[in-house]
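User: Could you take a close look at one part of this for me, namely how the helices pack, and then put that part in its setting? I'd like one connected walk-through.

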Amino acid sequence: MVKAHPPVSDGLSPKMAPGQNAEPWLGEKERFMLLLIVPAGIVLVLFQIVPIIFGANASFRDWQLFDPVRTWVGLKHYIYILNDPTFLTVVLPNTFLLMFLSVTLSLIGGLALAHYLHRNLAGQWPMQTIILLPQMIAPVIAAMMMRWVFNDQFGVVAAFLDWIGFGPIAWLAQRWPSFFIVVFTDVWIWTPWFALILLAGLRSLPREPFEAAQIDAAGPWRTFTHLTLPMLRSVIAVCVLIRSIDAFRSFDVIWILTGGGPARSTEVFSIYTYIETFVNLDFGRGSAAAMIGALIILVVAGVMYKAASRVMDVSR
Amino acid sequence: MARRRDGVRLLTSLALAIGVLSWANPAARAEETLNICHGGHPIMVASQKILDKWAKMEGVKLATTLIAYDVYVPKVTQMLTTGSAQCDIIWHNDDWGQLWQQYVVTTDDVAGIDNVAKQPLDAFWNDQHKLTVVPMAHTIGTFFYRKDLISDAEVPKTFADMVKIGQKLQKEGKVKWGYVGAMSFNNTWFSLWWTMWNNGCDIFKPIYERDNKVLAANDWTSIIDQPCHQQIIEFWWDALHKDKIAPEANTTYGRNEANAIFMAGDAAITVADSTFWGDYNDKNKSRVAGNIGMAPYPVGPGRSKPITWVDIWGWAIPKSVPPAHQALAKKLLGEMLTDEDGQVQMWNETGGPPPNVKVWDRLAASDPVFRKLKEVDFDQDHVHSAYYFANWPKVHKAYSDVAIKALTGKREDIPAVLKEGAKSVHDAAVAQ
């Protein structure tokens with residue numbers, strides 16, 4: 001809750017005319033602050049709020065992209081999606097599994113990399129740049145690259161497997177190998193992001209507790225589990241929260257790598273929404289899927305936010 | 001203050017005078033610009049080149065907006081339904097011929113429209129039975145094989161022949177794969193559908209029927225669980241997993257991946273649009289250049305004669321475009337359609353078969369490649385490569401998911417998967 005400030009009495013606010021007893025609603029400072037946030041506010045309203053309202057409206061209507069009659073159909077699309085076995089048994093489990101695996105593995109990889117970079121070894125700067133490369137590549141390009149890396153005929157992985165005596169593996173032709181490649185690619189892209197933020201966290205930690213641990217002859221693992229991790233808890237919590245929300249809406253990597261296939265088996269929430277909207281051209285049902293996804297992530301993010309707040313409170 | 005007001009008056013008068021003079025003097029008037037929106041395929045670029053030639057003569061400037069294939073239909077559909085006049089001419093295709101019929105102008109009055117093949121126009125009639133497209137080129141699925149590996153006598157006539165010759169070449173170590181062809185959504189034509197049609201089968205009953213009234217009278221009943229279709233899925237299952245004439249990952253290949261394997265010399269046979277003839281024979285891109293043959297499709301046990309599809313890509317004019325631009329666009333499209341030399345040049349540059357059938361005879365007499373294409377495709381029986389109704393995109397996706405599920409599962413599960421799939425394909429067809 002943001003409390004309205006009383007008019008400032010720092011000489012900047014307009015002077016009251018004699019006999020005028022009503023104070024201006026906003027002081028000059030507040031008006032200036034408002035002025036500064038107006039552009040961002042307009043962008044937010046035009047490109048976030050208005051489309052959400054349009055989408056929400058469309059989700060209750062018969063709105064085919066090629067024939068937008070826009071007849072009100074109430075909850076029809078929502079009922080269809082919530083009764084769609086593919087949505088319930090494939091899409092939602094895939095979405096949460098991808099979110100969990102991608103965030104967990106990226107966090108572990110990021111922590112390891114951050115520790116490595118924190119050691120101030122020789123050649124650290126070029127290594128840091130190399131490690132950050134995946135983060136600098138657009139996810140679409142990274143996904144296309146991975147698709148060719150794992151191509152069963154020309155891919156580097158196929159060549160290696162061939163060299164060690166295995167035949168080509170049709171990675172993308174089966175559900176779990178495809179899903180593995182999606183997770184692998186996502187982790188590859190996002191591990192540097194975790195590493196970068198956790199490295200900043202590591203560098204901001206006070207040295208005294210570590211020196212004390214050293215005097216007490218604590219080993220590296222004990223120091224890590226009893227000092228580093230607890231002290232990094234708040235940074236980790238924020239990273240996990242932000243990245244989880246982002247992983248929930250992952251689209252580009254999966255679309256390029258598997259298109260949700262084979263036979264919809266790697267479809268996640270965003271692909272389901274895209275297919276309904278832009279392949280089946282059903283804007284109404286696609287919007288309903290998007291709204292359901294938004295509600296789910298709202299709940300998930302709310303729970304995670306509370307958990308993160310608690311973690312941060314404990315860390316203080 | 002008065003001085004400033006005078007200055008403003010003077011400037012306003014000058015601006016008005018310049019405006020009036022410019023309008024009165026045609027030479028000073030800005031030339032008309034028509035914006036063409038398309039997917040950037042070489043055939044579209046070549047067709048636009050013909051249009052550009054005529055546009056220059058008419059004093060018209062052509063601008064281009066490229067729209068990625070993956071988002072082309074939703075983007076242009078949204079543009080049409082919102083009445084935007086962003087594109088004066090748009091790329092049109094039989095797959096979405098019926099989706100846009102109410103948003104594009106009729107083209108019966110375009111010069112040269114009487115000289116195009118009639119059957120490929122079936123997708124483009126509106127409810128008043130008026131045409132809504134101007135063809136730019138034909139798109140034909142073609143059976144390509146390696147002439148250096150397969151002699152004329154060995155060219156497969158049946159599916160069984162194809163397996164036999166493929167396995168023979170693989171055993172001899174001449175190729176890694178007997179066959180490669182795109183199969184993933186939405187490349188279903190280049191493996192699954194050509195075999196489906198050449199086994200006397202289709203997606204809905206009656207087979208090869210495209211009249212929506214007849215299909216509706218049959219309740220859009222899908223026959224993909226029937227023996228003719230089950231044979232096809234079993235044929236491909238065996239080709240991938242048992243006979244191994246095609247890579248197991250073939251189910252995931254799009255055109256780029258399948259073409260890469262064929263052009264690397266790793267496969268003996270492929271099916272693709274005839275327009276890839278140029279790429280396959282381009283020495284800078286292809287290791288098999290100069291060794292490409294074309295043949296009629298092999299047939300399955302359910303058919304005795306090959307059958308193929310000959311459809312068109314075309315141009316259309318949105319209704320939302322101002323009438324003057326509509327008229328200008330029609331004029332240019334008519335000039336493109338009657339420009340025989342331009343169409344010959346397009347064929348030479350891209351392998352895109354000309355829309356004007358008069359040009360076919362000219363090319364057949366002078367060009368052995370076109371003569372062969374005519375023999376293996378134009379002169380065969382034809383089926384339409386899509387169904388022409390609004391739910392077709394849903395049906396195509398549903399079909400692809402069913403087929404891929406069957407091909408990546410156990411062989412004994414195929415009948416059950418197809419039975420369940422027939423229902424999902426039917427549901428996609430009748431979905432409201």
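Analyst: Here is the helix packing, followed by its surroundings.

A bit of bookkeeping: residues are numbered from 1 along each chain as its sequence is written, with chains lettered from A and ligands numbered from 1 in the order in which they are written. It's a predicted model, where local features need pLDDT of at least 70 and side-chain atom pairs count only at pLDDT 80 or more, while totals for chains, interfaces and linings use all residues.

Let's start in chain B, with helix 2 (residues 42–58) and helix 11 (residues 340–350), whose axes sit 10 Å apart at an angle of about 155°. Helices here are DSSP runs of H or I with at least four residues, strands are runs of E with at least two, and both are numbered from the N terminus. The axes are lines fitted to C-alpha atoms, for helices over the stretch in contact, and the angle between N-to-C directions can run from 0 to 180 degrees. Helix 2 and helix 11 of chain B are therefore roughly antiparallel; the scheme takes under 35 degrees as roughly parallel, over 145 as roughly antiparallel, 65 to 115 as roughly perpendicular, and the rest as oblique. Helix 2 of chain B goes past helix 11 of chain B in a right-handed crossing, the term for a near helix turned clockwise from the far one by less than a right angle (anticlockwise would be left-handed).

Who's touching whom? From helix 2 of chain B you get B:P42, B:I43, B:A46, B:S47, B:I50 and B:K53, and they meet B:G342, B:M346, B:E349 and B:T350 of helix 11 of chain B. Contact means that the C-beta atoms, placed from the backbone, lie within 7 Å. Sorted by class, this contact has 5 nonpolar, 3 polar and 2 charged residues. (Nonpolar covers Ala, Val, Leu, Ile, Met, Phe, Trp, Tyr, Cys and Pro; charged covers Asp, Glu, Lys and Arg; the others, Gly among them, are polar.)

Now for another pair in chain B: helix 7 (residues 227–242) and helix 15 (residues 414–430) pack with axes 10 Å apart, at about 130°. That angle makes helix 7 of chain B oblique to helix 15 of chain B. The crossing of helix 7 and helix 15 of chain B is right-handed. On the helix 7 side of chain B, the contact uses B:H229, B:Q230, B:I233, B:E234 and B:W237, while helix 15 of chain B brings B:I414, B:P415 and B:L418. The residues of that contact split into 5 nonpolar, 2 polar and 1 charged.

Zooming out, chain B is divided into domain 1 (31–138 + 311–381) and domain 2 (140–309 + 386–430), with bounds taken from an automatic or database domain assignment. The C-alpha centres of domain 1 and domain 2 of chain B are 28 Å apart. Each domain of chain B puts 21 residues into the contact between them. On the domain 1 side of chain B, helix 13 (residues 368–378) gives the most, with 5 residues. That domain 1 side of chain B divides into 7 nonpolar, 7 polar and 7 charged residues.

Chain B also has a partner: 25 of its residues are in contact with 22 residues of chain A. On the chain A side, strand 2 (67–72) and helix 11 (269–279) are the elements giving two or more residues. Helix 11 of chain A gives the most, with 3. By class, the chain A side has 13 nonpolar, 6 polar and 3 charged residues.

A backbone oddity in chain B is the cis peptide bond joining B:F185 and B:N186, with omega about -5°. B:N186 is in the loop between strand 5 (177–179) and helix 5 (192–197) of chain B. For context, most peptide bonds are trans.

How far can you trust all this? The model scores ipTM 0.83 and pTM 0.85. In chain B the mean pLDDT (the predictor's confidence in each residue, from 0 to 100) is 91, and 93% of residues reach 70 or more. Residues 20–29 of chain B stay under 50, though, and have 3 contacts beyond four places in sequence. Where pLDDT is low, don't read the predicted coordinates in detail.

Definitions and conventions: Contact = placed C-beta atoms within 7 Å.
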